[in-house]
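Work through the following exercises with the sequence and the coordinates side by side, and try each task before reading its solution.

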Amino acid sequence: MTRTVAGRLAGIFAATAALIAIGFVSIGFYASYGGLVIAGAVAIFVGSTVAAAVDPTRAENHAGVVAFYILALGAAYFLMALTSASLAPARALGGPGVYPPMPRDGAPVTYPPQRLNLHGGLVLQAATMTVFEGARLIAGDGSAPIDNAAFVVDGDRITAVGRKESLQTPLGARRVDLTGKTVMPALVDAHVHLGYRSGTTFTAANYTRENLLDTLDRFAYFGVAAVLEAGTGRGELPFQVRAGAGTPTRYLTAGSGFAMPNAGPGGPMRDAARGVTTEADARAQVQELARRKPDLVKIWVDDRNGTVEKLEPNLYRAIIDEAHKQNLRVMAHIATLDDAKDLVRAGVDGFAHVFRDRAADAELLAMLKARPNVFFLETLWGVRTAIYQETPAWLAEPITREALSPAQIAQLRDAFLVPAAPATVQRALEEADRLTSNVAALHKAGVKLGLGTDTGGVTGGGYFGLATHVELELLVKAGLTPAQAIAAGTRTSAEILGLTNLGTLAPGKSADFLVLDANPLDAIGNTRKIARVYARGAEVDRAALKARWAASTTAGRRPM
Ligand SMILES: [Zn+2]
């Protein structure tokens with residue numbers, strides 16, 4: 001009798017030792033069903049062998065006890081995994097120091113090592129999964145919305161999208177009911193200027209890490225998943241912030257762009273650009289910039305109504321050629337149709353603005369047809385006062401007050417109220433008119449249109465995130481349908497920036513999306529009725545951000 005008990009105990013101890021030895025924790029806890037079954041089988045084999053060695057008379061009996069022990073352990077673990085999946089608190093972004101690790105976009109997805117074996121598992125992986133169900137889903141690719149949709153988010157990725165009734169959802173996953181809501185991909189703003197604006201001030205002294213991070217938080221608040229700083233980065237800081245920022249909004253930068261000396265961007269951003277005068281110097285500076293791996297190269301080709309020297313065609317040809325040799329693409333700031341044409345001939349990859357001196361003509365449209373990857377950002381936000389004939393509705397919306405100080409709102413409103421001199425008004429109206437009709441012409445011709453606002457720059461003001469949403473409304477005013485405007489601001493902008501895991505809601509994409517209280521396909525302004533924002537699968541803590549901004553006396557400062 002004693003010998004039998006000793007045999008059973010020895011078997012159980014041996015089985016436990018075997019489980020630990022083969023990595024119960026690393027295989028069983030995080031891996032698939034298959035991993036758990038293999039671990040259990042090995043443990044039963046080791047346990048019953050040891051038990052039989054201690055007491056060979058009742059070998060089958062010992063094997064049964066060991067097997068029962070292992071199965072009971074498995075069942076307990078199974079129940080524990082289900083419980084932890086349903087009880088685990090939702091992770092939140094937005095507070096200090098609580099961001100999850102951020103894999104660089106475009107790079108292969110890097111799961112933490114303990115989750116490498118998830119594939120093939122059914123139940124255990126449910127601990128990291130969430131099913132969002134019941135919403136109307138706009139995929140961002142211009143396709144018809146899915147009513148009563150469901151989609152599965154595993155960690156930071158979307159793994160399945162479909163109709164709620166037909167989508168297979170994992171047992172034990174956390175469920176989020178979004179009935180009555182609309183879900184759309186997070187936006188991408190491919191033309192902004194970070195760092196100079198803070199509150200109502202506009203100065204190079206604002207260009208600090210804290211201000212860059214605070215600005216990225218403002219974009220996150222509005223559900224903007226990525227922004228490109230268009231050539232006004234100062235020194236190493238933007239590259240350091242890009243590498244280290246654990247912010248929900250991805251920070252892309254063109255570093256410092258190219259112009260004739262002292263002839264690039266306006267206002268306090270002027271000295272951020274590189275002044276070049278010879279082709280050799282232009283090439284050398286592109287090589288120097290390339291070492292920092294900018295996300296794009298920015299050039300300014302504009303004489304600012306005759307006030308500065310315009311970048312010479314031989315110089316921009318050298319810059320474009322050298323950038324392409326370095327595997328970098330070039331985006332040009334322009335104002336005129338002729339410059340747009342010559343830049344297309346020179347091989348430019350895209351434009352930061354749409355020309356507004358003349359109407360798009362057949363020659364340009366033919367050139368663009370031959371080069372369908374050349375993109376335009378419209379920056380209609382920059383001429384907002386001329387496009388809106390009256391004070392826009394969004395000035396009075398709650399979301400405007402949530403993210404902007406009263407002084408910023410006053411500054412924004414005044415631009416709509418204070419009448420300029422009649423001649424100036426007339427000129428601005430004509431220019432805005434040409435701009436919107438050129439946008440319509442490019443759109444009709446099938447040219448690639450992304451979303452860029454110039455927020456943070458001279459005309460963009462410090463209305464980070466809000467402007468990105470208003471740009472959608474302005475694109476609709478220019479003739480795009482709401483679905484087309486959303487596709488421009490999501491899929492196409494992500495494509496322009498090479499962010500292959502953003503822009504649409506589809507399996508394999510990063511889980512960055514907006515939950516809206518109303519349908520933007522009915523009225524594009526509904527993109528501003530934001531209920532929640534998710535970045536990389538985690539909800540952005542918008543309440544914490546709002547409270548931080550409300551509490552900050554020096555508007556725009558991120559607490560250290
Ligand atoms: Zn700009």
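Two residues are in contact if their C-beta atoms, placed from the backbone, lie within 7 Å. The model is a predicted one, in which local features need pLDDT of at least 70 and side-chain atom pairs count only at pLDDT 80 or more, while totals for chains, interfaces and linings use all residues. Residues are numbered from 1 along each chain as its sequence is written.

**Exercise 1.** Find the residues that I319 touches, and place I319 in its core.

Step one: leaving out residues up to four places away in sequence, I319 touches F258, A282, V286, V297, I299 and V330.

Step two: a nonpolar core is a set of buried Ala, Val, Leu, Ile, Met, Phe, Trp, Tyr and Cys residues joined through C-beta atoms within 7 Å, where buried means that 20 or more other C-beta atoms lie within 10 Å of the residue's own. The largest such core has 133 residues, and I319 is listed with V183, V188 and I299 as having the most contacts inside it.

Step three: helix α16 (residues 482-496; a DSSP run of H or I, at least four residues) gives this core its largest share, seven residues.

**Exercise 2.** Describe the surroundings of strand β10 (residues 224-229; strands are DSSP runs of E, at least two residues).

Step one: six of the six residues of β10 are buried, so the strand is largely enclosed by the rest of the structure.

Step two: strands pair if DSSP finds at least two bridges between them. Strand β7 (residues 187-192) runs parallel to β10, joined to it by four bridges, and L187 has V224 as its bridge partner.

Step three: β10 also pairs in the parallel sense with strand β11 (residues 250-253) over four bridges, with A226 opposite R250.

Conventions:
A residue is buried if 20 or more other C-beta atoms lie within 10 Å of its own, exposed if 12 or fewer, and partly exposed in between; C-beta atoms are placed from the backbone.
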